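The following exercises invite the reader to work through a protein model by inspection and short reasoning. Each task is followed by a solution in steps.

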Amino acid sequence: MDARVEGLGPTSIPEINALPRAVAEALYTRLVPAELFERFAIDPITLCGPGAVRLVRITAPEDKPWARVEVRSSADDRDPALLVDVQMSPLSVPELAFVQITDPGRPRYAIDRDPDGRDTLLGTTSRNVDEELRAMADGLAPGQVRPGLRLLARVLEAMDSFCRLIGRELYLIEPLFYHSAILYERRGCGYLMGREVMEEIHAGFSTGGALRAALDGSSPFRRPGTESTVRGRSWALHDGVAAGAWGGVKMYRAVGQHAGVDTFPGGRY
């Protein structure tokens with residue numbers, strides 16, 4: 001594949017999208033960890049699985065600065081096992097805008113639809129509290145419709161490889177939830193904006209903090225003691241334990257480097 005793009009020199013997502021379709025798709029397959037091709041018996045060239053069914057979908061409009069890669073274990077899967085959105089930020093830097101990793105063999109929780117069937121945008125615009133309670137009881141974090149596959153580190157490595165291919169040594173990341181930011185921290189990412197937000201949240205959940213005091217049992221998401229885990233804090237914040245406490249966070253990852261940031265020292269996931 002590298003030989004196919006040699007001399008073309010794409011340095012941005014719009015430039016990739018303008019390439020011949022086969023070449024653009026070959027580049028975007030770099031965003032898929034090899035383990036997923038093996039796990040679902042997908043040919044990395046044809047992007048087809050058993051029965052010659054295409055299981056990798058790449059959306060890369062020629063006139064847009066973004067692309068989406070979806071990998072499914074079968075054509076009948078409702079959710080992709082991997083969904084990766086990449087784009088060029090307003091700073092003209094590649095950005096990992098969204099990542100979702102799900103295990104298609106595990107139970108699904110309908111946190112993405114409210115009781116009337118409307119899209120909740122993973123609980124960020126409205127909520128399905130009953131489904132969130134079920135998800136939380138099964139050890140999931142906010143925004144998860146299924147347990148994951150423990151592949152986030154490999155997805156970041158794949159993004160590293162993709163960025164090297166287009167001559168970039170740094171990319172941005174948009175964490176959707178508090179726990180997402182902590183997971184990215186632990187995989188070497190730093191903060192372009194919002195580190196003070198994370199540190200204030202940690203202080204708030206620490207002994208004597210206002211967020212810890214607000215864990216009063218007034219809802220199942222605000223039980224005392226949940227401040228000791230990343231998921232517990234994330235659910236409390238998702239439940240509005242401190243209006244406006246979470247937001248305005250933008251992260252970065254320097255390819256091949258570890259930022260060494262830890263805003264929740266010793267915190268269990």
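The exercises below concern this predicted model and proceed from the whole chain to individual residues.

**Exercise 1. The chain as a whole**

Task: Determine whether the radius of gyration of the chain agrees or disagrees with that of a compact globule, and describe the overall composition of the fold.

Solution.
- Step 1. The chain has 269 residues, for which a compact globule would have a radius of gyration near 18 Å.
- Step 2. The value for the chain is 20 Å, which agrees with that expectation.
- Step 3. The C-alpha trace spans about 60 × 40 × 30 Å along its principal axes.
- Step 4. The secondary structure consists of 10 helices and seven strands.
- Step 5. Of the contacts with a separation of 6 or more, 62% join residues 24 or more positions apart.

**Exercise 2. Surface and charge**

Task: State what share of the residues is buried, and characterise the exposed area and the charged side chains.

Solution.
- Step 1. Buried residues account for 52% of the 269 residues.
- Step 2. The chain exposes about 12,400 Å², of which carbon and sulfur atoms supply 51%.
- Step 3. There are 32 positive and 36 negative side chains. The centres of these two sets lie 3 Å apart.

**Exercise 3. The nonpolar cores**

Task: Identify which residues have the most contacts inside the largest nonpolar core, and locate the second core.

Solution.
- Step 1. The largest nonpolar core contains 64 residues, and Tyr28, Val86, Leu96 and Val241 have the most contacts inside it.
- Step 2. Helix α6, residues 152-165, gives the most to this core, contributing six residues.
- Step 3. Another core, of six residues, lies apart from it; Tyr109, Ile111, Leu122 and Val145 are among its members.
- Step 4. For a view of the surroundings of Tyr28, set aside residues up to four places away in sequence: the contacts of Tyr28 then include Ile13, Ile58, Val69, Val86 and Phe162.

**Exercise 4. Helix α7**

Task: Explain why helix α7 is described as largely enclosed by the rest of the structure.

Solution.
- Step 1. Helix α7 covers residues 178-185.
- Step 2. A residue counts as buried under 20% relative accessible area. The residues of α7 that meet this criterion are Tyr178, His179, Ser180, Ala181, Ile182, Leu183, Tyr184 and Glu185.
- Step 3. Eight of the eight residues are therefore buried, so the helix is largely enclosed by the rest of the structure.

**Exercise 5. Two prolines**

Task: Decide whether Pro94 is buried or exposed, do likewise for Pro142, and list their surroundings.

Solution.
- Step 1. Pro94 belongs to strand β4, residues 94-101. Its relative accessibility is 0%, so Pro94 counts as buried.
- Step 2. Beyond residues up to four places away in sequence, Pro94 touches Gln87, Met88, Met159, Cys163, Ile166, Arg168, Leu170, Tyr171 and Leu172.
- Step 3. Pro142 lies in the loop between α5 and α6. With 1% relative accessibility, Pro142 also counts as buried.
- Step 4. With the same exclusion of sequence neighbours, Pro142 touches Phe177, His179, Ser234, Trp235 and His238. Of these, His179 is one of the buried residues of α7.

**Exercise 6. Positive phi outside glycine**

Task: Compare Leu47 and Ser92 by phi, place and accessibility.

Solution.
- Step 1. Leu47 has a phi near 65°, a positive value in a residue other than glycine. Ser92, likewise not a glycine, has a positive phi of about 60°.
- Step 2. Leu47 is in the loop between α4 and β1, whereas Ser92 is in the loop between β3 and β4.
- Step 3. Leu47 has 2% relative accessibility and so counts as buried. Ser92, with a relative accessible area of 47%, is partly exposed.

**Exercise 7. Two loop residues**

Task: Find which residues Ala141 contacts and which Arg106 touches, leaving aside neighbours within four places in sequence.

Solution.
- Step 1. Ala141 is in the loop between α5 and α6 and is buried, with a relative accessible area of 1%.
- Step 2. Its contacts are His179, Arg231, Trp235 and Tyr269. The C-alpha atoms of Ala141 and Arg233 are 9.7 Å apart, although 92 residues separate them in sequence.
- Step 3. Arg106 is in the loop between β4 and α5 and is partly exposed, with a relative accessible area of 37%.
- Step 4. Arg106 touches Asp138, Arg146 and Pro147. Its C-alpha atom is separated by 9.8 Å from that of Val145, 39 residues away along the chain.

How values were computed
Residues numbered from 1 in each chain as written. Predicted model: local features only at pLDDT ≥ 70, side-chain atom pairs only at ≥ 80, totals over all residues. Heavy atoms only, no water. Helix = DSSP H or I, 4+ residues; strand = E, 2+ residues; numbered from the N terminus. Rg over C-alpha atoms; globule rule 2.2 N^0.38 Å. Buried < 20%, exposed > 50% of the residue type's maximum accessible area, 1.4 Å probe, protein only. Contact = heavy atoms within 4.5 Å. Areas by Shrake-Rupley, 256 points an atom, 1.4 Å probe, with all protein chains shown as cover. Lys, Arg positive; Asp, Glu negative; His and termini not counted. Charge placed at Lys NZ, Arg CZ, Asp CG, Glu CD. Core = buried A, V, L, I, M, F, W, Y, C linked by side-chain atoms within 4.5 Å.
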